[in-house]
Amino acid sequence: MKAIAQDVYGTAETLHVRDIGLPSPAEGEVVVRVHAAGVGPDVWHLMSGLPLMVRPVFGLRRPRNPVRGWDGAGRVEAVGAKVTDFAPGDPVYGRLDGSFAEYARAKADWIAPKPANVTFAQAAAVPVSAVTALQALHAKAGLRAGQKVLVIGASGGVGSFAVQLAVAHGAEVVGVCGTGAVEFVRSLGATEVLDHTRQEITDGPHRYDVVLDAAGNRPLPLLRRTLTPSGTLVHIGGEGGSRWLGDTGIQLRMALLTRFTRHDLLGLLAVVRRADLLTLTSLIESGDITPVVDSTYPLDRAPAAVRHLEKGHPRGKVVLTVTPEA
């Protein structure tokens with residue numbers, strides 16, 4: 001089968017199309033024929049091997065699994081001996097191990113039936129980004145109807161879901177994005193949109209019950225000034241920080257500071273699991289949220305897809321189309 005693989009950490013130029021063997025499922029796994037795969041910052045971090053602290057887990061000198069990709073959508077091709085919830089031919093989506101390939105393995109608990117009213121490309125945009133937004137707003141922030149929410153990075157993969165999820169939960173949402181995405185973020189349901197090239201998040205009288213920082217490039221004191229006296233900040237990462245620790249430094253400062261303030265300052269490492277995917281499926285099929293695909297690239301143009309992601313701020317998620325939908 002064809003896959004996008006890399007032998008060394010580095011830039012998008014280290015990604016190449018390669019013929020590799022077909023995967024086979026272990027007892028609690030399935031093999032999925034991948035129709036589409038999501039391209040997000042998580043892919044960039046593993047491709048580059050940064051921050052360096054991740055390398056003991058993912059490979060010290062080179063990626064332990066050379067095939068890139070974390071999430072996707074497709075049809076079940078084969079199931080392991082202990083899998084009873086899925087059968088060959090089932091359309092599914094979720095976390096796929098090495099989704100930049102024609103076939104990928106997944107633990108059965110990492111996937112769920114694909115929402116019936118979206119394409120495979122739309123479904124591939126959901127797992128990592130939407131689960132991150134869902135866990136940030138609900139599991140971490142305990143979002144309640146009527147609260148005022150600020151979403152920083154509102155036009156991106158995580159942010160576009162966060163705006164929709166908060167609106168669906170009855171919150172009043174203010175989004176932060178660049179000039180070109182203002183109308184897009186407003187179309188997601190934000191009642192107000194701040195253009196970060198023209199105004200800072202502390203400008204104006206608003207203070208927020210929940211701040212979700214999906215951009216990760218603002219200092220903690222500035223973020224805290226946007227909160228109500230007992231507000232919650234959820235920091236879900238970004239491209240800043242040191243080469244060694246990434247944004248772990250701000251996460252540690254938040255963990256220490258939250259003990260001495262009424263603010264809840266929380267970090268998040270999202271884990272894709274079926275229960276959250278089923279929640280998202282219900283919201284997608286009811287029309288409360290809609291996956292937004294910024295652009296699609298064929299599998300052999302994966303390096304171009306990553307470069308597009310690196311250039312700026314996609315509106316929604318970049319997606320690879322891997323095999324024809326059937």
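These legends go with several views of a predicted model.

**Figure 1. The whole protein, with its ten helices and 15 strands.** The radius of gyration comes out at 19 Å, close to the 20 Å that the globule rule gives for 326 residues, so the protein is as compact as a globular protein of that length. If you want a feel for the dimensions, the C-alpha trace spans about 60 × 45 × 35 Å along its principal axes. Of the 326 residues, 53% are buried.

**Figure 2. Strand β9, residues 172-177, and what surrounds it.** Five of the six residues here are buried, so β9 is largely enclosed by the rest of the structure. On one pairing, β9 meets strand β8 (residues 148-152), and the two are parallel, with five bridges between them. To find your way along this pair, look for K148, which sits opposite E172 of β9. Getting from β8 to β9, the chain goes by way of helix α5 (residues 157-168), and that β-α-β crossover is right-handed. As a general reminder, side chains in a regular strand alternate between the two faces of the sheet.

**Figure 3. From β9 on to strand β10, residues 192-195.** β9 and β10 also run parallel, this time joined by four bridges. A handy landmark is V174, whose bridge partner in β10 is E192. Helix α6 (residues 182-187) belongs to this unit too: together with β9 and β10 it makes a right-handed β-α-β arrangement.

**Figure 4. Helix α4, residues 127-140, a mostly covered helix.** Eleven of the 14 residues in α4 are buried. The buried set starts with P127, V128, S129 and A130, carries on through V131, T132, A133 and L134, and finishes with Q135, A136 and L137. After α4 comes G142, and its phi is positive, near 60°. When you look at any α-helix, bear in mind that there are 3.6 residues a turn, so residues three or four places apart point the same way.

**Figure 5. The second largest pocket and the residues that line it.** The space in this pocket adds up to about 180 Å³. Its lining takes in L46, V57, F58, R64, N65 and V67, along with R68, G69, W70, R95, D97 and G98. By type, the lining is a mix: five residues are nonpolar, three are polar and four are charged. For anyone new to such views, rolling a probe the size of a water molecule over the atoms shows where empty space is left.

Terms used. Residues numbered from 1 in each chain as written. Predicted model: local features only at pLDDT ≥ 70, side-chain atom pairs only at ≥ 80, totals over all residues. Heavy atoms only, no water. 1 Å grid on protein atoms, 1.4 Å probe; cavity = no way out; pocket = protein on both sides within 12 Å on 5 of 7 lines; lining within 4 Å. Points joined across faces, edges and corners; volume = space filled by probe spheres on them. Nonpolar A, V, L, I, M, F, W, Y, C, P; charged D, E, K, R; others polar. Buried < 20%, exposed > 50% of the residue type's maximum accessible area, 1.4 Å probe, protein only. Pairing = 2+ DSSP bridges. Right-handed = clockwise from strand over helix to strand, strands pointing away. Rg over C-alpha atoms; globule rule 2.2 N^0.38 Å.
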